[in-house]
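Here is a short tour of a two-chain complex, meant to be read with the structure open beside you. Let us begin inside one of the chains and work outwards.

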Amino acid sequence: MKNFGGNVLFLNRSDINTDEIIPAKYLTEITKEALEPHLLEDLCLEGFVPGKSTRDKQVVITRANFGCGSSREHAPWAFEVNGIHVVIAESFARIFRQNMFNCGMLAVELPEEVIADLFARFADRDTRLATDLGNTTFTLSAQDHSLTVPFNLPPFDRALVEAGGWVEYADAHY
Amino acid sequence: MPFLDGHWGDAMGRTITEKIFERHRVDSPYEGVRVIRLDVVACHEITTPIAINDLAARGKDRVFDPDRIKAVIDHVTPAKDSKTATQGKILRDWARRHGIRDFFDIGRNGVCHALFPEKGFIRPGYTVIMGDSHTCTYGAFGAFAAGVGTTDLEVGILKGVCAFRLPETLRVEIGGTLAEGVYAKDVILSIIARLGVNGATNKVIEFGGPLVAAMSMEERMTLCNMAVEAGGTCGICAPDQTTVDYLWEFIQGDYDDKDAALEAFAALHPCPDARYGEVIEHDVSGLEPLTTFGHKPDQVKPVREMIGQKIDQAYIGSCTNGRIEDLRVAAEELRGRRIAPTVRGIVSPATPRIYRQALAEGLLAVFMDAGFCVSNPTCGACLGMSNGVLAEGEVCAATTNRNFNGRMGIGGMVHLVSPATAAASAVAGHLAPPTRTRQQGDVR
């Protein structure tokens with residue numbers, strides 16, 4: 001299994017699309033590694049500096065409908081090759097969410113008010129997140145402040161994460 | 001043996017999608033999850049090569065059934081550089097290696113979602129995946145068709161199965177009469193504006209009602225094509241006489257006559273007591289030509305309110321609006337006129353067959369006389385990869401499906417419109433509704 005904890009990057013906008021996560025011009029690459037410098041390159045968001053804001057981050061927390069648009073798995077891969085294996089949002093576009101689990105990564109939905117609370121408490125602080133898959137909780141901590149929130153991980157998604165992805169799961173079952 | 005033999009079980013209350021899922025079920029590993037058998041796994045050169053390389057690296061360079069795999073080079077064709085040439089080569093070599101007969105290379109290639117339907121590959125009741133979000137287009141034929149990522153595609157290629165969370169169905173009942181100059185593109189833009197960009201996430205949108213019944217297959221494809229812009233897994237239309245007529249050249253060996261095909265297809269129709277997540281009535285009477293105005297497909301307003309917005313390029317093509325009916329409508333708008341000197345006009349007939357037909361009907365001459373460049377069939381410009389990329393600060397009236405920031409080029413603005421509006425705007429030099437909708441004395 002992958003590592004599901006680390007420093008948190010907050011992206012305070014809904015509907016961040018796949019073209020913002022990885023622009024189409026990089027779809028001509030045929031290795032995942034080549035995507036590494038270009039993560040979120042076209043994202044226009046106050047306080048966000050492409051190439052800099054994502055450095056040494058392992059977790060993304062964001063708003064609604066994250067990953068809408070294209071089916072390109074280059075979007076989850078761009079996160080993966082940057083060491084980001086967890087995205088937490090109010091909601092996801094279907095294909096992006098499935099692609100994350102298919103790669104053995106976590107795309108977890110939390111209720112709108114919980115996300116709002118996390119933004120209010122942690123967005124402007126250096127925040128770390130730890131994932132307890134057994135108890136399905138996230139623990140966020142910043143300086144002296146810490147908060148544990150439960151999340152829901154449907155059994156099929158858990159199976160994909162534990163198998164390491166859909167190729168491995170399908171290979172074992174079909 | 002016809003694929004649809006009429007035996008779709010007796011259970012009541014099912015939608016089209018539920019019937020298709022039942023018929024294709026391989027496994028239900030967990031509640032609400034279905035692993036289904038695939039009738040078609042479609043591939044293009046952008047999202048498939050990494051799957052091919054990964055299969056090879058795993059020592060599993062195999063395909064589940066070469067006849068059920070369809071492949072095309074369409075996104076960047078002819079190749080524009082070494083990288084895109086390599087992507088094409090990987091797909092081409094793989095297709096040859098595995099005996100994939102339905103592989104379409106330059107000279108025979110076209111935009112996947114226009115090409116595969118016109119080849120008869122998409123049939124009612126089929127399940128289709130492709131590493132492309134606009135795969136939902138195929139729902140126009142009464143198929144369940146979903147865009148997937150490369151990993152789903154990879155497993156599809158290897159095993160012929162795919163997993164889905166059982167989608168809820170949202171029924172959109174479209175009624176009313178379309179005004180002159182208003183088209184299927186305007187209808188779907190109005191629906192996306194109503195639902196929002198995630199209004200149909202994890203749902204299939206079942207389009208029905210008198211307006212859909214009266215639509216051609218081309219119009220239904222335009223409608224279903226943009227279901228994903230509202231987050232939908234698939235757009236779907238019940239197959240009917242129009243579907244039978246369109247597919248007849250491919251299915252005539254399977255049925256005694258068209259009536260028999262129609263009867264078989266009727267088995268797919270939703271049960272009268274089908275359970276929908278939601279049913280919405282959408283009346284298109286009074287609908288005007290529409291355009292998007294921001295970077296999200298649900299930011300929609302009447303073209304009338306945007307007249308005067310200068311454009312640098314008009315693009316007519318793509319899997320949304322690059323079919324023969326679209327070209328006819330645009331050419332009608334352009335006949336005897338010239339586009340503004342400040343506008344670059346580009347038309348890309350979506351397939352060689354459409355190209356040839358447009359040529360035979362004299363449409364390409366109309367485009368050229370008006371000052372358009374006629375491009376080969378390709379997806380290129382729609383996603384800013386080739387054949388019409390915008391410069392920073394430029395504006396395009398496009399018949400495509402996405403207006404995301406940077407979609408057709410960094411710093412470019414895309415206004416999604418119908419082919420008629422794109423053509424009228426090209427002539428005006430700014431966003432403008434089709435001439436047929438304009439009253440005497442309107443701003444031009």
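## Starting in the core

Beyond its neighbours within four places in sequence, Ala422(B) is in contact with Ala314(B), Tyr315(B), Ile316(B), Ala330(B), Ala397(B), Ala398(B), Thr399(B) and Val417(B). Please keep in mind that everything here comes from a predicted model.

Ala422(B) is also one of the residues that touch the most other members of the largest nonpolar core, together with Val128(B), Ala314(B) and Ala423(B). That core counts 196 residues. Where does this core lie with respect to domain 1 and domain 2 of chain B? Both domains give residues to the core, so it lies between them.

## Two domains in chain B

Chain B splits into domain 1, covering 16-283, and domain 2, covering 290-434. Their C-alpha centres are 24 Å apart, and the contact takes 32 residues from domain 1 of chain B and 31 residues from domain 2 of chain B.

On the domain 1 side of this contact, the elements that give two or more residues are helix H4 (112-118), helix H6 (184-195) and helix H8 (217-225) of chain B. H6(B) has the largest share, with six residues. By class, the residues on the domain 1 side comprise 11 nonpolar, 13 polar and eight charged.

## Where chain B meets chain A

The two chains meet through 44 residues of chain B and 35 residues of chain A. On the chain B side, at least two residues each come from strand E2 (33-37), helix H2 (49-57), helix H3 (82-97) and H5. Which of these elements gives the most? H5(B) does, with six residues. Taken by class, the side of chain B that touches chain A has 17 nonpolar, 19 polar and eight charged residues.

H5(B) is worth a second look. This helix spans residues 150-159, and 10 of its 10 residues are buried, so H5(B) is largely enclosed by the rest of the structure. The buried residues include nonpolar side chains such as Leu153(B), Val155(B), Ile157(B) and Leu158(B), and also the charged Asp152(B), Glu154(B) and Lys159(B). Just after the helix, Gly160(B) takes a positive phi of about 75°.

## Chain A at a glance

Chain A has six helices and seven strands, which follow one another along the sequence as β-α-β-α-β-α-β-α-β-β-β-α-α. For its 174 residues, a compact globule would have a radius of gyration near 16 Å, and the 15 Å of chain A agrees with that. Along the principal axes, the C-alpha atoms fill a box of roughly 45 × 35 × 25 Å.

Of the residues of chain A, 51% count as buried. Among contacts in chain A with a separation of 6 or more, 66% join residues 24 or more positions apart.

Leu160(A), in helix H5 (residues 155-163) of chain A, is a handy example of a buried residue. Leu160(A) has 26 C-beta neighbours inside 10 Å, and the cut-off for buried is 20 or more, so this leucine counts as buried. Leaving aside neighbours within four places in sequence, the contacts of Leu160(A) are Phe101(A), Asn102(A), Gly104(A), Gly165(A), Trp166(A) and Tyr169(A).

## Backbone details to look for

Most residues other than glycine have a negative phi, and most peptide bonds are trans. A few places in this model depart from that pattern, and they are easy to find on screen.

Asp15(A) has a positive phi of about 60°. This residue sits in the loop between strand E1 (6-11) and helix H1 (18-21) of chain A, and is buried, with 21 other C-beta atoms within 10 Å. Ser318(B), in helix H11 (residues 318-321) of chain B, has a positive phi near 90°. Ser318(B) is buried too, with 27 other C-beta atoms within 10 Å. Finally, the peptide bond joining Thr77(B) and Pro78(B) is cis, with omega about 0°; Pro78(B) lies in the loop between strand E4 (69-72) and H3 of chain B.

## How far to trust the model

The predictor gives the complex an ipTM of 0.96 and a pTM of 0.95. Chain B averages a pLDDT of 95, and 96% of its residues score at least 70. Over residues 440-444 of chain B, however, the pLDDT is below 50, and this stretch has three contacts in the model beyond near neighbours in sequence. Where pLDDT is low, the predicted coordinates should not be read in detail.

Terms used
Residues are numbered from 1 along each chain as its sequence is written. Chains are lettered from A and ligands numbered from 1 in the order in which they are written. This is a predicted model: local features need pLDDT of at least 70, side-chain atom pairs count only at pLDDT 80 or more; totals for chains, interfaces and linings use all residues. Domain bounds come from an automatic or database domain assignment. Two residues are in contact if their C-beta atoms, placed from the backbone, lie within 7 Å. Helices (H or I, at least four residues) and strands (E, at least two) are DSSP runs, numbered from the N terminus. A residue is buried if 20 or more other C-beta atoms lie within 10 Å of its own, exposed if 12 or fewer, and partly exposed in between; C-beta atoms are placed from the backbone. A nonpolar core is a set of buried Ala, Val, Leu, Ile, Met, Phe, Trp, Tyr and Cys residues joined through C-beta atoms within 7 Å. The radius of gyration is taken over C-alpha atoms; the globule rule is 2.2 Å times the number of residues to the power 0.38. pLDDT is the predictor's confidence in each residue, from 0 to 100.
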